[in-house]
Structures are given as C-alpha cells and as structure tokens.
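Trainee: I am new to this structure and would like a close look at one part of it, the sheet. Please describe what lies across the sheet, how the strands are arranged, and what is found around the ligand.

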Amino acid sequence: MASYNLFLLPGDGIGPEIMVELKAILNWFGAAGIASFETESGLVGGAAYDAHGKAISESDMALAQAADSVIFGAVGGPKWADIPYDVRPEAGLLRLRKDLGLFANLRPAICYPALADASALKRELVEGLDILIARELTGGVYFGEPKEIVTLENGEKRAVDTQVYTTHEIERIARVAFDLARTRGGKVHSAEKHNVMKSGVLWKQVVTEVGKGYADVTLEHILADNCAMQLVRRPKQFDVIVCDNLFGDILSDVASMLTGSLGMLPSASLGAPDPVTGKHKSMYEPVHGSAPDIAGKGLANPIAMIGSFAMALRYSLGQIEAADLLDKAIANVLASGLRTKDIAAAGQNAVGTKEMGAAIIKELGSLAR
Ligand code: NAD
C-alpha cells in the first residue's frame, strides 16, 4: 500500500472542525488498504500569530516544504482584524504559496445535479456544469513592485500596485491549462484585457504560442469582463479558463456562486515539477474562509475540504481511483438528500459537520465493498 506524508494546517474558525472530518477520511483509506497517510499538523493564520507572533513559523514552513502535500483549512477572523499587515493571518497563506512556488491555482466549479436548485442561476443553466479555472497565483498585481502608498509634495497620497508578467510565468500556467483541457472537454478560454493592458497583450501572445503545441485543444481568447458576464449568462460554454492572478481571483468567485455554496468548493495549488523526481509541491484547500459566523457550532460543510483532498489524490498523489471513489461518495451522499445548512433548501432538515463527514465515510464503505 502506497504511503504519503501530508502536512495539515487547520488554521482558524471552522478550519479545525472540517479538518477533523478529513482526518477520519484519511484513516478510512488506510484501514481499507487503499493508501496510508502519515500526518503532521501545524499552526497557520491567527492560531500561529497567537502562538508565535507570526502567521506561520519557520519550523512549520520546513514541514510544508518536506510534505508530499499540504492540506490547508482556512485562516482569519475578527480577533486578528487589527494586527500588523505583515503578520495578518492571510500572510501565512501568501508565504506558503510563494515559498512552495505554487504558481497554478486550480478551482473546479462543478454543479452536482442534486444541488442545481441551490445555485443563484436557473437549474437549466447550471445542471451538469463542470468548469476548471486555472489561475496564475504567484505573479501579477498582488506581488508586482512597486507596491506602496506614498505621500506627494502637495500632501495627497498616491497608491501604486504593479501588474507584471514575464513570458515564462504565462507559459507555465498556460501549459497547465492546456494539459488539463486534454483530460476534460478539450477547450481553453484565455481571459485577459489586451484591449487596455500591456500585460494582457503579452498574455494573449504567449498563450497563443503555447496553444500551437496543443492541436487537439481549442483555444478561445476572451476579455476578462466579458468572461465574467458569460459565466453568469451561459456558463456551460466553458471547460478550462486560464487567467492571471487578479482576474482569476474574481472569476473563480463568480464561478463559485454557480455551484450553490462556498462550502462545496475545493481548490488545488501546484508548483512546477522537479526536473529529477517529476514531483511537484502542492497545497490543497477549500475556497471558503474561516466562517466566523458559524465557527464552533458544528454547522460547517466539510465537503470543500474533503473535495480538496480528492483533488490531492488526483493531481499530486497519483491515486486516481481513490479520487474517483471519494468524489463518487460525495456525489452519492448529496444525491441521497443529505444537506448541511448552507446547501439545504428552505425548511429542509440540515445535518451538521460530523454527520456529513460520517455519511461520506459510510458511503465510501458501501462503494468499496
Ligand atoms: P467565508 O468564506 O469565511 O464566509 C462567507 C459565508 O459563507 C459565511 O456566511 C460563512 O458562514 C459561509 N461559509 C463559508 N464556508 C462555509 C462552510 N464550509 N460551510 C458552511 N458555510 C460556509 O468569508 P468571509 O466571511 O468573508 O471571511 C471570514 C474570514 O475568513 C475573514 O477573516 C477572511 O479574511 C478569511 N478568509 C480566509 C480565506 C482562506 O483562508 N483561504 C479565504 C477567504 C476569507
């Protein structure tokens, strides 16, 4: 039985609650003889700030570097709203992404038929939806320099963020998108704003060049603002969408509302493959935050967390059958009608975090029999 080393960073708010359910899933896979998982846990975000005065410690960074995959819960909350910018909870997440070189963020937006009515859009627009957004994660305007607020001679303030992309940065995320499209619907939409941004002009040129190596994949260029509109107008036209860090942040949040609830959305962040081992660094995390409004109440939906682990099995650990099994267990539990509060219809009985986790494990047992 293959064995993997996972570094778990539960974080703040509902992060630890959903991580408990994931640990039970990891144990199930070991007990079923499918794959075993050695785990270590660390602190990130507000929890790390309370313990060490920073958003992640050096020793936890070292464990993250050494792991086969990092599994991250969520960070942040009102308790840490006023702490210095460089040690705020999100700084832990940004440090992990940067130091592990996680340049590709994959966010699927899948609408389970059982949940089509929970979407903000009409059932016929979203039922069966399966979009994957490949967002560049370590470049662009969130990291570009200069990044500052300066006071001008007249006393007025001036804020600058800088959007920067190099050919190499665009090429590698484009390749991820085309490779993924090959395993799915065979279509890539590249979203940028070449009409008003130089970085968009280069983005379009480079993606076009990379696309020439993928004759079996259809490439369409789309302006990012039109992409946002099309996502709510006719979302099923999309298969893979590739975009920069800023547009990816926004477009993936739009796509998330097509699927019903933030509590359903997993994500993966991948680094470049090591030239010798072929392995890449990776981190898997739910899209949602620490949900302070429901933290500690046992109400959080653990599916985004468990679905993130299914992505780890698929994209980093090479356990495709195990990933299929876990995705099927989630779909079957939803099809059986079980709902946490965030995805329940008005007036419908909802279960808590533990019941949802236990139902998925029970279903895994039935499917594996
Ligand atoms: P949020 O995602 O935490 O919550 C938004 C809404 O969705 C809330 O009503 C919440 O109860 C609900 N929700 C989220 N996840 C859920 C789940 N699994 N099950 C059921 N309901 C769920 O976003 P927010 O309220 O804007 O932010 C709260 C804190 O989280 C802030 O400190 C923010 O900075 C942080 N945050 C962290 C991350 C991250 O760790 N990756 C991402 C976004 C926000």
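Mentor: Helix α1, residues 15–31, lies across β1 (3–11), β2, β3 and β12, and runs at about 165 degrees to β1. This is a predicted model, and everything below is read from that prediction. A second helix, α10 (residues 303–315), lies across β1, β2, β3, β4 (104–110), β5 (130–136), β11 and β12. The angle between α10 and β12 is about 155 degrees.

The strands under these helices belong to an open sheet of 10 strands with mixed pairing. Their order is β2-β1-β3-β12-β11-β4-β5-β10-β8-β9. At the edges stand β2 (36–41) and β9 (218–223), each of which pairs on one side only. From one strand to the next, the twist averages 25 degrees. In general, strands of a sheet pair through backbone hydrogen bonds, and the pairing is either parallel or antiparallel.

One pair in this sheet can be followed residue by residue. Strand β11 (residues 266–270) and strand β12 (residues 282–286) run antiparallel and are joined by 5 bridges. Leu270 stands opposite Ser282 in β12.

Beyond β12, the chain passes through a loop to α10, and Ala291 lies in that loop. Most residues other than glycine have a negative phi. Ala291 is not a glycine, yet its phi is positive, at about 40 degrees.

Ala291 also leads to the ligand. There are 22 residues around the ligand, and those that come nearest are Val75, Glu90, Gly289, Ala291 and Asp293. For Val75, a backbone N or O atom lies 2.8 Å from an oxygen atom of the ligand. For Glu90, a polar side-chain atom is 2.7 Å from a ligand oxygen atom. His288 has a polar side-chain atom 3.2 Å from a nitrogen atom of the ligand. Taken alone, the ligand exposes 810 Å², and the protein buries 68% of that. The elements giving two or more residues to the shell around the ligand are β3 (69–74) and α4 (89–99); β3 is also one of the strands that α1 lies across. By type, the residues of the shell divide into 11 nonpolar, 7 polar and 4 charged.

For comparison, another antiparallel pair is formed by β6 (residues 144–151) and β7 (residues 157–162), again joined by 5 bridges. Here Thr151 stands opposite Lys157 in β7, and Ile149 has Ala159 in β7 as its bridge partner. The hairpin of β6 and β7 has 5 residues between the strands, and in this hairpin Gly155 takes a positive phi near 90 degrees.

Strand β6 holds one further detail, at Pro146. Most peptide bonds are trans. The bond that joins Glu145 and Pro146 is cis, with omega about 0 degrees.

Notes
Residues numbered from 1 in each chain as written. Predicted model: local features only at pLDDT ≥ 70, side-chain atom pairs only at ≥ 80, totals over all residues. Heavy atoms only, no water. Near = heavy atom within 4 Å. Polar contact = N/O pair within 3.5 Å; in protein donor to acceptor, adjacent residues only side chain to side chain. Areas by Shrake-Rupley, 256 points an atom, 1.4 Å probe, with all protein chains shown as cover. Helix = DSSP H or I, 4+ residues; strand = E, 2+ residues; numbered from the N terminus. Nonpolar A, V, L, I, M, F, W, Y, C, P; charged D, E, K, R; others polar. Pairing = 2+ DSSP bridges. Axes fitted to C-alpha atoms, helices over the stretch in contact; angles between N-to-C directions. Contact = heavy atoms within 4.5 Å.
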